[in-house]
Every structure is written in C-alpha cells, then in structure tokens.
Amino acid sequence: MILIAVKIAILCMSIAILGLIYRLIKGPSMPDRVVALDAIGINLVAIVALVSIFLDTNAFLEVILLLGILSFIGTVAFSKYLEKGVALERDRDL
Amino acid sequence: MIEIFKIIIVALILIGAFLSLVAAFGVIRLPDVYTRNHAASKAATLGVLAVLLGTFLYFYMKEGQVNSRVILGIVFIFVTSPVAGHLISRAAYNSGVKLWDKSVQDDLKLKEATQAKKGK
C-alpha cells in the first residue's frame, strides 16, 4: 500500500516539476524564474524523501537538509542581486 | 497499530503530493509575479512538510527510533521558505515589476507616497 502511494506521489511531483520548468523557461520577468527555481528546489526535497521510502533506506536523509539549505541560500543571493545589483556588498572604508 | 500507521503515512504522502501539484498549477496559471509567489511559497511548503512528516513516520514505524535529521529538515523548511518568498517578492517590487493590470490596490505605493509627503 505504501509503495503504490509513493509511486503516485512521485508521479505527481514530477508533473509539478514539469509545470515549474515551463514557468522557468517562459516566465516574462527575472523574479518569475527565481520563484520557479525555489519551488523546484523545494519539490526536489520531497522527491528525495519519497525515493528514500521507495528504496527503504535512510542513507539519503542528510540530502533533505542539504537541499533545503542550498535552496534558501541561492534564493537569498538571487533576490539581493536583483534588488541591489550586487550579491555581496563591499565594506565602506576600503 | 501498524495498519493505522500505514494509513496515516499514505494519507500524508498523498495530501502532500496533491498540494505540490496544486502549487505548480497555480504557478502556471496565475497572472503576475506576486500571485505566483503566493501560490509557490505557501502551497508547495505545506505539501513538502506533509511529505516529510510521512517520511518521518515511516522510518519511526520501521526502526522504532526518532530520526532527528528529518525533524531538522521540517523545521528548517518551515522557517526559511516564507522568508525566501518575502525576499523574492520585495526584490520584484523594488526592481519595478508591474502588478497585474486588473488589480485595484497598491498599498506599498500608497504608503511610500504618504511618507514622501510627510517628509516634505
């Protein structure tokens, strides 16, 4: 029962990622693409969790935390770049 | 006991997958950046949290011990995903992306106008 539900859920997540890739290609402005990439990162976390249930191993559970952290840092860097033009600001007295 | 655990796990996983699918359709179909961000940063977060909670319950049922990495992942995603949505939305507003042309109210523009008037 769990395996059938996991297969259905992986199918739904794959369709969701395909829709987000459509928005990533077509999106008219730059923040649209960043929103789509952030949602793709979040959905990849769920796919890793589902695959680790499907393979019945707990070796991939660090990847969940790692993908969450990387997705957040990438989104913050992109939004700072879009807002101010630089990702890391220079010190004032240099 | 085990059957109840299995039913709860299956329900959580299916609800999470359905919510992520709904979030993706929202990102495709809604008209401007802010509404798309609204769909992506709420529905996708709740869907992923449900899937991760199902995963945590599965490994708790299988091994009988609490797996702290999944709990850390749940808490981290729950804290950071709305913050990331807020940052993208503010960057979009400040870099001049227009609202949908049928939207009727722009509170931030109104507030900036009143602050400029008060400062003068």
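Trainee: How much of chain A counts as buried?
Mentor: Of its 94 residues, 41% count as buried. Buried means under 20% relative accessible area, exposed over 50%, and partly exposed in between (1.4 Å probe, protein chains only). Bear in mind that this is a predicted model: local features need pLDDT of at least 70, side-chain atom pairs count only at pLDDT 80 or more, and totals for chains, interfaces and linings use all residues. Residues are numbered from 1 along each chain as its sequence is written, chains are lettered from A and ligands numbered from 1 in the order in which they are written, and side-chain values use heavy atoms, with hydrogens and water left out.

Trainee: OK. What elements does chain A have?
Mentor: It has 3 helices and 0 strands. From the N terminus, the order is α-α-α. Helices (H or I, at least four residues) and strands (E, at least two) are DSSP runs, numbered from the N terminus.

Trainee: What radius of gyration does chain A have?
Mentor: Chain A has 17 Å, whereas a compact globule of 94 residues would have one near 12 Å. The radius is taken over C-alpha atoms, and the globule rule is 2.2 Å times the number of residues to the power 0.38. The C-alpha atoms fill a box of roughly 60 × 30 × 10 Å along the principal axes.

Trainee: Switching to the interface. How many residues does each chain give to the contact?
Mentor: Chain A gives 45 residues and chain B gives 45 residues. Contact means heavy atoms within 4.5 Å.

Trainee: And what area is buried between chain A and chain B?
Mentor: About 4000 Å², with carbon and sulfur atoms giving 78%. Buried area is the accessible area (1.4 Å probe) that two parts lose on being put together, summed over both. Ile2(A), Val35(A) and Glu83(A) supply 14% of what chain A buries against chain B, more than any other three residues.

Trainee: How many salt bridges cross the interface?
Mentor: The rule finds 4 between chain A and chain B. A salt bridge is a side-chain nitrogen of Lys or Arg within 4 Å of a carboxyl oxygen of Asp or Glu. One joins Asp32(A) and Arg36(B), at 2.4 Å from N to O.

Trainee: Which elements of chain A touch chain B?
Mentor: Those giving two or more residues are helix H1 (2–26), helix H2 (30–54) and helix H3 (61–84). H2(A) gives the most, with 14 residues.

Trainee: Show me a residue in H2. Is Leu50(A) buried or exposed?
Mentor: Leu50(A) counts as buried because its relative accessibility is 0%. Leu50(A) sits in helix H2 of chain A. Leaving out residues up to four places away in sequence, Leu50(A) touches Val6(A), Ala9(A), Ile10(A), Met13(A), Ile13(B) and Val51(B). Leu50(A) and Ile10(A) are 40 residues apart in sequence, but 6.9 Å apart in space, C-alpha to C-alpha.

Trainee: What about Asn43(A), buried or exposed?
Mentor: Asn43(A) is buried, at a relative accessible area of 1%. This residue is also in helix H2 of chain A. Beyond neighbours within four places in sequence, the contacts of Asn43(A) include Met13(A) and Leu20(A), and across in chain B, Ser20(B) and Val48(B).

Trainee: Last one. What phi does Asp56(A) have?
Mentor: A positive one, about 60 degrees, although Asp56(A) is not a glycine. Most residues other than glycine have a negative phi. Asp56(A) lies in the loop between H2 and H3 of chain A. Asp56(A) is partly exposed, with a relative accessible area of 38%.
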